[in-house]
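Colleague: I am new to this structure and would like to go through it with you step by step. Could we take the open spaces, the helices and the charged pairs in turn?

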Amino acid sequence: MSLSLREYSRVVFFTGAGLSAESGVPTYRGSGGIWDSYDYRDYACQSAFERDPGKVLDFHEERRSVALSCEPNDAHRRIARFASGSSSSLILTQNIDGLQQRAGAGRVLELHGSLWRLRCDPCGKVREDLASPQYSTRHCDCGRILRPDIVWFEDLLDSSLLESAIRAISDCDCLLSVGTSASVYPAAELPLIAMQAGATTIEINLEETPLSPLYHHSLQGKASEILSELIS
Ligand code: NAD
Ligand code: ZN
């Protein structure tokens, strides 16, 4: 393949669950996905949390346990290496598993939040909680129960984070989308901004997605294998 990311200086890596699939983190959709076994209305929305916070926190501890038992893969490491050597490039992920950071990436914009943070909306406090699958505490200093700092179903994206993402995408010279089904909005629409701004756009996925026909290069295959050719 003659395509090389080294020709670009402002690359936005836009990543999804497929990037971590090779590490063993299950995707949420599709066969074998988490939402086959769990109903998101009981585990991943604000009203479920208000109804039964313990059940929702138990579910997220289970997700933390799975993520901790998985290791970053070669695709995470190549992306981290490229971004740390290219100060104008950015990693923008929909993943909440923290594997990209464990692969050595510095700055990662986490559009959908993180399994490794809890927050208290009334106080505005955010608490990083990295050590083990179990949260070190489930309560804020104010006494309220903390909620995972994750964008659940029906939640809005953080607006300042979304603005930073849009700014970087509008200004990039290459957008590389890796392992995302382009089905979760508004994140799925972000690559369109790069397309309109004239950047080179590349998609890596095992299969065709609704946006595939719009990319300059739609590459089908495993993220780790294709990235080893794009970033050698
Ligand atoms: P998705 O589950 O909707 O789609 C995953 C995509 O990855 C699919 O299109 C699939 O064909 C592709 N894929 C699978 N294995 C691949 C591989 N080895 N190489 C390349 N592509 C591969 O994921 P999404 O688009 O990220 O949306 C899911 C949402 O759920 C995300 O927004 C995220 O918040 C959350 N989520 C996060 C994680 C995680 O943190 N690892 C896992 C599941 C879901
Ligand atoms: Zn509080």
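**Pockets, a cavity and charged pairs**

Modeller: Before your questions, one starting point: in this predicted model, the second largest pocket is lined by 13 residues, and those nearest its centre are Ser88, Leu90, Arg167, Ala168 and Asp171.

Colleague: Which element gives the most to the lining of the second largest pocket?

Modeller: The space in the second largest pocket comes to about 170 Å³, and its lining divides into 5 nonpolar, 4 polar and 4 charged residues. With 4 residues, the element that gives the most to this lining is α8.

Colleague: With which residue does Asp171 form a salt bridge?

Modeller: Asp171 is among the residues nearest the centre of the second largest pocket, and at 46% relative accessibility it counts as partly exposed. Its partner also counts as partly exposed, because the relative accessibility there is 30%. The closest N and O atoms of the pair are 3.9 Å apart, and the partner is Arg10.

Colleague: How many residues apart in sequence are the parts that the pair of Asp171 and Arg10 ties together?

Modeller: The salt bridge joins Asp171 to Arg10. Asp171 lies in helix α8 (residues 159–171), whereas Arg10 lies in the segment before β1 (11–15), so the parts tied together are apart in sequence by 161 residues.

Colleague: What is the volume of the largest pocket?

Modeller: The lining of the largest pocket has 25 nonpolar, 16 polar and 9 charged residues, and α1 (17–21), α2, α5 and β8 (200–205) each supply at least two of its residues. The space that lies in this pocket is about 1,200 Å³. Of the 50 residues that line the pocket, the closest to its centre are Gly16, Ala17, Thr27, Tyr28 and Arg29, and the volume asked for is, once more, about 1,200 Å³.

Colleague: Does the end-to-end distance of helix α5 agree or disagree with the span its residues should have, and what is that distance?

Modeller: Helix α5 covers residues 53–68, and at 1.5 Å a residue its 16 residues should span 22 Å, where the expected span counts one less than the number of residues. The C-alpha atoms at the two ends agree with this expectation, since they are apart by 22 Å.

Colleague: Which elements do the buried residues of α5 pack against?

Modeller: The buried residues of this helix are Pro53, Val56, Leu57, Phe59, His60, Glu61, Arg63, Arg64 and Ala67. The elements they pack against are α2 (34–37), α3 (40–43), α4 (46–51), α7 (99–102), β4 (113–120) and β6 (147–150).

Colleague: Which residue forms a salt bridge with Asp58?

Modeller: Asp58 is partly exposed, with a relative accessible area of 45%, and its partner is likewise partly exposed, with 23%. The closest N and O atoms of the pair are 2.7 Å apart, and the partner is Arg138. The pair links distant parts of the chain, 80 residues apart, with Asp58 in helix α5 and, in the loop between β5 (125–128) and β6, Arg138.

Colleague: Which residues are joined into one network by salt bridges that share partners?

Modeller: The structure holds 15 salt bridges, and one of them brings together the side chains of Asp121 and Arg119 at 2.6 Å, N to O. The residues joined into one network by shared partners are Glu110, Arg117, Arg119, Asp121 and Asp149.

Colleague: Is Thr180 buried or exposed?

Modeller: Thr180 lies in the loop between β7 (174–178) and α9 (190–197), and, leaving aside residues up to four places away in sequence, it touches Phe14, Gly16, Gln94, Asn205 and Thr209. Because buried means under 20% relative accessible area, and Thr180 has a relative accessible area of 8%, this residue is buried.

Colleague: What is the volume of the largest cavity?

Modeller: The structure holds 1 cavity of 30 Å³ or more, and Thr180 is among the residues that line the largest cavity, together with Phe14, Ser177, Ala182, Ala188, Pro191, Glu203, Leu211 and Tyr215. By class, this lining has 6 nonpolar, 2 polar and 1 charged residues. The volume of the largest cavity is about 40 Å³.

Note on methods:
Residues are numbered from 1 along each chain as its sequence is written. Chains are lettered from A and ligands numbered from 1 in the order in which they are written. This is a predicted model: local features need pLDDT of at least 70, side-chain atom pairs count only at pLDDT 80 or more; totals for chains, interfaces and linings use all residues. Side-chain values use heavy atoms; hydrogens and water are left out. On a 1 Å grid over the protein atoms alone, a cavity is a set of points where a 1.4 Å probe fits but cannot get out, and a pocket is an open set with protein on both sides within 12 Å along at least five of seven lines; lining residues have an atom within 4 Å of a point. Grid points are joined across faces, edges and corners, and a volume is the space filled by probe spheres set on the points. Ala, Val, Leu, Ile, Met, Phe, Trp, Tyr, Cys and Pro count as nonpolar, Asp, Glu, Lys and Arg as charged, and the others, Gly among them, as polar. Buried means under 20% relative accessible area, exposed over 50%, partly exposed in between (1.4 Å probe, protein chains only). Contact means heavy atoms within 4.5 Å. A salt bridge is a side-chain nitrogen of Lys or Arg within 4 Å of a carboxyl oxygen of Asp or Glu.
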